[in-house]
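User: I'd like to talk through the pockets in this model and one buried acidic residue. Can you take me through the reasoning as we go?

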Amino acid sequence: MWAAYITRHLDSRLKQLERNIERLRRENQDLRNHPDVRLYVGAVRGMEKARQDPTRPDYLLGNTLGIEHRDWRRIKRLLPSRYRMFFKFFSTDKEVFFVWMNDAETLRKEGAKSDCYAYFRWMLDAGKVPSCRNKLLDKSIPKS
């Protein structure tokens, strides 16, 4: 299994989902089909699966983020429709960095400015998300 890191931003987002789920549990709400539960479970399972083999072809993006960002990957299958989680791996160090997952404001919608791919590309181009390993390490924490 590859070593995994998660950005503080994504970690905070997942912890917020955990708090929402705990609140729902305290309120005795049905958790089986709640969107927060589906998103959280999909994210956790997706990260675990990607840690096993981040080189799988179904993570490839092609030129979706532009030729200069072809080294980025995304988790799609285990997440609810229109959600994506973006990550990058470094084979020499066997490390995976889980960086960003879209929210309700950036759902997948081809051609829209708020589309998750367009938004993540803007984050990369604007330098809001680093691409080099050392800078990703600075913005991340180890994921157990």
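Analyst: Sure. First, a word on classes: Ala, Val, Leu, Ile, Met, Phe, Trp, Tyr, Cys and Pro count as nonpolar, Asp, Glu, Lys and Arg as charged, and the others, Gly among them, as polar. Keep in mind that this is a predicted model. By that scheme, the lining of the largest pocket has eight nonpolar, four polar and five charged residues.

User: What makes α1, β4 and α3 worth naming for the largest pocket?

Analyst: Each of them, α1 (8-26), β4 (95-101) and α3 (116-125), supplies at least two residues of that lining. The pocket holds about 250 Å³ of space. It is lined by 17 residues, and H9, V99, W100, M123 and V129 are the closest to its centre.

User: Which element gives the largest share of the second largest pocket's lining?

Analyst: That's α1, with four residues. The space there is about 160 Å³, and the lining residues include D11, Y40 and K143. By class, seven are nonpolar, one is polar and four are charged.

User: Why is D36 said to have no salt bridge, and how far away is the nearest side chain of opposite charge?

Analyst: A salt bridge needs a side-chain nitrogen of Lys or Arg within 4 Å of a carboxyl oxygen of Asp or Glu. For D36, the nearest side chain of opposite charge is R23, 5.3 Å away, so the cut-off isn't met. D36 is buried all the same.

User: What is D36 in contact with, leaving aside its neighbours within four places in sequence?

Analyst: L17, N20 and I21. D36 itself lies in helix α2.

Note on methods: Residues are numbered from 1 along each chain as its sequence is written. This is a predicted model: local features need pLDDT of at least 70, side-chain atom pairs count only at pLDDT 80 or more; totals for chains, interfaces and linings use all residues. Side-chain values use heavy atoms; hydrogens and water are left out. On a 1 Å grid over the protein atoms alone, a cavity is a set of points where a 1.4 Å probe fits but cannot get out, and a pocket is an open set with protein on both sides within 12 Å along at least five of seven lines; lining residues have an atom within 4 Å of a point. Grid points are joined across faces, edges and corners, and a volume is the space filled by probe spheres set on the points. Buried means under 20% relative accessible area, exposed over 50%, partly exposed in between (1.4 Å probe, protein chains only). Lys and Arg count as positive and Asp and Glu as negative; His and the chain ends are not counted. Contact means heavy atoms within 4.5 Å.
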